[in-house]
Amino acid sequence: MAIKDLPREELMHPGAGSCPACTDLLTLRMTLKALGPKTVLVTPASCTASVACGYPKTPFGVPVLTMAFAAGGAAASGAVAALHRLGEDDVNVVVWAGDGGTYDIGLQSMSGAMERGTNFIFVCYNNEIYSNTGVQRSGATPFGAWTTTTWKGKVDQRKDMPAIMLAHRLPYVATASASYIEDLYRKVQKAASIRGPKYLEFHIPCAPGWRFPMERTIEMGRLAVETGAWALFEADDGKVEFNLRSKQILDGKTQRKPIEEYLELQGRFAHLFRPERDEEALAGIQQFIDREWERYKQLAACGMSVG
Amino acid sequence: MTLMFDVGNKVAAKAVQMCKPEVIAAYPITPQTVIVEELARFVENGELDAEYLCVESEHSVMAATCAAASMGVRTFTATSSQGLAFMHEMLHWAGLSRLPIVMINVNRTLGPGWSLWPDETDSMAQRDTGWIQFFVSSAQEAFDTVILAFRLAEHHEVQLPVLISYSAFTISHTMMPVEIPEQDDVDAFLPPFKPYWRLDWRNPVTFGNVLSDEYHMEKRYTMHLGMEAAKRLIPDLGREYEQRFGRYHGGLIEEYRTDDADYVLLAMASVGSEAKVAVDNLREQGHRVGLARLRVVRPYPDEDLRRIGRKRKLIALDRNISVGSGGWMYHETRSAVMGVEGCDVYGYLCGVGGRDVTYEDIEQMALKVFTGDARPDVVEWWDLKQTGGN
């Protein structure tokens, strides 16, 4: 589907208090276009819960249940159970959580909801930080990134949450990016067409949190994919397929760009370049990405048994 | 009407089944577990038509329950001790969301060290979460209170969650005879849940969004009004229940032999039933003593206590403690009766951590007050062993 063919109906209205060039609300707007109005949104504490809402106004055209930080998955289980009692199984229940509400504090209840087969979509909109509280490191923050709790750069690598979700044997797991919006739209629609627990993770560059000029937001997401720092793939019934640029990379039809091209544009990695280059760290990050892609090849070849 | 002879937990589960909740979320914890086991059996057998969610923690139990209640269906869960403590954030969530959830908490000592015995600190530590709190002292009272609790919670003037607590083992695992009414009568007393609000895609609203200080105080005030309505409705609904089912356990307080009393014991839960025996024995010895058994501590029965306390000595028997302050019942009662003519409040901390409190203990505690050997401004730790310092 081309952007010009997307539904005209807006379920995410203007007026939310997000930062300019916010990819959270961009991807949420597209997600709601893909899902339509028969949708209930569960929003654990995150940027969305704080910038999008302010009683008595709301920018949402769908009902929203704000939820405690740790409890997105559990709330979805409760909402789906209640909708079943009401004979409304056709209503989409979507948890819209940041990486903190997914990788860290939200992990237990999300894992529980997946294991108990809740018919819902869990979307992690991953900007690799606790952005709402002022750019602290999360389990999704990449090695080397400055945050307000890792002033000299994060010393640990990120988790691989999509792989953790694949290990839950879900019928559908997909990654997407704010910079490849048609692919994201298709994946949301695909998730909505499948019964059972679905996991989507959107990579969403955050200009204020990553410290780059806001007009380069979409470019930043594309560079993440082109350098291989982020990979676009989907696992339909455990069969893993890479998509778009990531597929070309995996198939050897396109070379990954050097990771430095992505890092050097972001203020959060500036200390790796100035006042002098941190060769060891830069080489380590490139090696990490290289190893990730070796693993992706195995993942694409083997997939994951489901059911 | 049929007679059931079983442990408190199974009796409570039977009451829940007859209230027809639509979503139950559960996580095991001793000594509550029998309740959710029994409900799981009812659902699997088809004796209860409900969605039963096995979730992965008590925090998630209350999150799932809040979400289901927000969609507009009747919900129930049960927990105990550490589980209730783990729910703490979500208890506030349920209260502030005005969700009519009913939950049973089997009072059990908080650890460490691990203990299974009854202590009310787990429930009392949640007193500020916006939940109406009952303490019951028999299986029959547990049964009747569950049915009344749904009616109360769902009343549009109240719209607050209800916690029903009873003592570990002395109630939860003790077999008692209980009268079980006909389902038709329960249905007539408790019609299907009609939510005041619910999340519905046809009428999209954002629930729980950012609320500025311009509104927050008023929101708490409306919750306070809900509690005030509960003060009035608990005795009213209790009388309506009595008319239909023939049993009345009291309003916020059950008064026992207080009419001509000079001294009134204050107790809750199973200590409350033990205290009745103590009152009878002390009466036989010629002491003019009665019992005010607090059935409800949120809303706190301030007005009742002011009436009961007039020209009387109150003796609070707390099986709970706020360390650094004392027993909650003692402190809240003192503040309630401030300025009441001729009222002194004596306090004992007894059975804290689950040590048994017998009627003999209660008689001894009362006699110490009667003989002038206790002071109203000094709370005594009853039956305290030598500890060798702090």
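This passage describes selected helices, two helix pairs and the contact between chains A and B in a predicted model.

We can begin with the single helices. In chain A, helix α1 covers residues 23-35. At 1.5 Å a residue, its 13 residues should span 18 Å, and the end C-alpha atoms are indeed 18 Å apart, so expectation and model agree. Of these 13 residues, 11 are buried, and α1(A) is therefore largely enclosed by the rest of the structure. Among the buried positions are T23(A), D24(A) and T27(A), together with the leucines L25(A), L26(A), L28(A), L32(A) and L35(A); M30(A), T31(A) and A34(A) are buried as well. After α1(A) comes G36(A), which has a positive phi near 85°.

Helix α7 of chain B, residues 139-154, lends itself to a similar check. With 16 residues, α7(B) should span 22 Å at 1.5 Å a residue; its end C-alpha atoms lie 23 Å apart, which agrees. This helix is mostly covered, with 15 of its 16 residues buried.

Turning to helix pairs, α1(B) (residues 8-18) packs against α2(B) (residues 33-45) at an angle of about 45°, and the axes are 8 Å apart. That angle makes α1(B) oblique to α2(B), and their crossing is right-handed. From α1(B), the residues N9(B), K10(B), A12(B), A13(B), V16(B) and Q17(B) take part, meeting V34(B), I35(B), E38(B), L39(B) and F42(B) of α2(B). By character, the residues of this contact comprise 7 nonpolar, 2 polar and 2 charged.

A second pair in chain B is formed by α10(B) (residues 269-284) and α13(B) (residues 359-370), whose axes come within 8 Å and cross at roughly 55°. These two helices are therefore oblique to each other, and α10(B) passes α13(B) in a right-handed crossing. On the α10(B) side, E274(B), A275(B), V277(B), A278(B), N281(B) and L282(B) are involved, and they meet Y359(B), I362(B), E363(B) and A366(B) of α13(B). Here the contact residues divide into 7 nonpolar, 1 polar and 2 charged.

Finally, there is the contact between the chains, to which chain A and chain B contribute 36 residues each. On the chain B side, at least two residues each come from strands β2 (23-26), β3 (51-54) and β9 (206-207) and from helices α3 (58-70) and α5 (88-96). The most is given by α3(B), with 9 residues. The side of chain B that touches chain A is made up of 22 nonpolar, 9 polar and 5 charged residues.

Notes
Residues numbered from 1 in each chain as written. Chains lettered and ligands numbered in written order. Predicted model: local features only at pLDDT ≥ 70, side-chain atom pairs only at ≥ 80, totals over all residues. Helix = DSSP H or I, 4+ residues; strand = E, 2+ residues; numbered from the N terminus. Expected span 1.5 Å × (residues − 1). Buried ≥ 20, exposed ≤ 12 C-beta atoms within 10 Å, placed from the backbone. Axes fitted to C-alpha atoms, helices over the stretch in contact; angles between N-to-C directions. Parallel < 35°, antiparallel > 145°, perpendicular 65-115°, else oblique. Left-handed = near helix turned anticlockwise from the far one by under 90°. Contact = placed C-beta atoms within 7 Å. Nonpolar A, V, L, I, M, F, W, Y, C, P; charged D, E, K, R; others polar.
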